[in-house]
Amino acid sequence: WCLDGGRALIAVRTDIRRPADEGGALLAVQDDRFVIRGLPATDLAVLACDLQALVELQNLREHRPQLDPAAPGAAAVPLPLAPDLGRRYGQVSGDFNPVHTGSLLARLFGVRRPFLQGLGLRNAVVRELTALGLPLDRLQISFASPAYLGQTLRLVVLGTRFELVDEKGRVVACGAMSDVAAPRS
């Protein structure tokens, strides 16, 4: 969808299934949305414009921390992002987008400094949630802002919800998890 200021919101849904010869059962659904900036007007003209998507994106960008790390039952875990983590994750994933690999390259692409790939950040969150012994049969995560390299984020978990907060107190990501085997009320 076209947004404002030369931006587009891209939505991708990936179904992960067992092979057809094993029944083809659905194992997971991955919904991703991300913003591309600096698109020419001619490219934006062919996209549908979605005011609701723009409102949702703006609300996500303005999301303020809601989980209190000092609340009873809360957990707060530091999540350091090494300055070279984007490059190292790129070696594993193949994602060597310049906005993830170096300061100069990131600036050339209009980004203040490099930030971690979305899947890299998602994997780091999953690692920490798993280490806390939390159920991850279902995981929903929304990214609100880039997770810049060279800082330590704080993962705050309370009940089935979590937030990832940067050093300036901004929400980088938030979400929820559940155990599909758990009884529903």
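Two strands count as paired if DSSP finds at least two bridges between them. By that rule β6 and β7 are a pair, with five bridges joining them in an antiparallel run. The model on screen is predicted, and the tour below starts from the whole chain before returning to these strands.

**The whole chain**

Show the protein chain as a cartoon. Its secondary structure amounts to six helices and seven strands. Followed along the sequence, these elements come in the pattern β-β-α-α-β-α-α-α-α-β-β-β-β. The chain has 185 residues, and 32% of them count as buried. Switch on the surface: the accessible area is about 11100 Å², and carbon and sulfur atoms account for 55% of that. If contacts between residues at least 6 apart in sequence are taken, 61% of them join residues at least 24 apart.

**The sheet**

Next, select β3, β5, β6, β7 and β4. These five strands form an open sheet in the order β3-β5-β6-β7-β4, with antiparallel pairing. Which strands are at the edges? They are β3 (75-81) and β4 (138-143), each of which pairs on one side only. From one strand to the next, the twist averages 20°.

Now go across the sheet from the β3 edge.

- β3 with β5: select residues 151-158 for β5; seven antiparallel bridges pair this strand with β3. Val-77 has Leu-155 of β5 as its bridge partner, and Ala-76 stands opposite Val-156 in β5.
- β5 with β6: these strands run antiparallel and are joined by five bridges. Label Arg-154 and its bridge partner in β6, Val-165. The two strands form a hairpin with two residues between them, and Gly-159 in the turn has a positive phi of about 65°.
- β6 with β7: Arg-161 stands opposite Ala-176 in β7. This hairpin has five residues between its strands, and its turn contains Gly-169, with a positive phi of about 85°.
- β7 with β4: six bridges join these antiparallel strands. Gln-140 has Ala-176 of β7 as its bridge partner.

Before leaving the sheet, colour β7 by accessibility. Six of the eight residues in β7 are buried, so the strand is mostly covered, where buried means under 20% relative accessible area.

**Helix α6 on the sheet**

Select residues 118-131, which make up helix α6. This helix packs on the sheet and touches β3, β4, β5, β6 (161-165) and β7 (171-178). Look along β4 as well: the direction of α6 makes about 135° with that of β4.

**Helix α3**

Select residues 85-93, helix α3, and show side chains. Which residues of α3 are buried? They are Leu-85, Gly-86, Tyr-89 and Gly-90. Because these residues cover an arc of only 135° around the axis, they lie on the same side of α3. Their cover includes β3, α4 (98-101) and α6. Step just past the end of α3 to Gly-94, which takes a positive phi of about 85°.

**Gln-117**

Move to Gln-117, in the loop between α5 (103-108) and α6. Is Gln-117 buried or exposed? Its relative accessibility is 1%, so Gln-117 counts as buried. Show everything around it: leaving aside residues up to four places away in sequence, Gln-117 touches Gly-86, Tyr-89, Gly-90, Asp-95 and His-100. Among these neighbours are Gly-86, Tyr-89 and Gly-90, which also appear in the buried set of α3. To see the polar contact, draw a distance from the side chain of Gln-117 to the backbone oxygen of Asp-95; the value is 3.0 Å.

**Ala-70**

The last stop is Ala-70, in the loop between α2 (51-61) and β3. Is Ala-70 buried or exposed? Its relative accessibility of 68% is over the 50% cut-off, so Ala-70 counts as exposed. Finally, draw a line from the C-alpha atom of Ala-70 to that of Val-156. The two residues are 86 apart along the chain, and their C-alpha atoms are separated by 9.5 Å. Val-156 was already labelled in the sheet, where it stands in β5 opposite Ala-76.

Notes
Residues numbered from 1 in each chain as written. Predicted model: local features only at pLDDT ≥ 70, side-chain atom pairs only at ≥ 80, totals over all residues. Heavy atoms only, no water. Helix = DSSP H or I, 4+ residues; strand = E, 2+ residues; numbered from the N terminus. Axes fitted to C-alpha atoms, helices over the stretch in contact; angles between N-to-C directions. Contact = heavy atoms within 4.5 Å. Buried < 20%, exposed > 50% of the residue type's maximum accessible area, 1.4 Å probe, protein only. Polar contact = N/O pair within 3.5 Å; in protein donor to acceptor, adjacent residues only side chain to side chain. Areas by Shrake-Rupley, 256 points an atom, 1.4 Å probe, with all protein chains shown as cover. Arc of directions from axis to C-beta.
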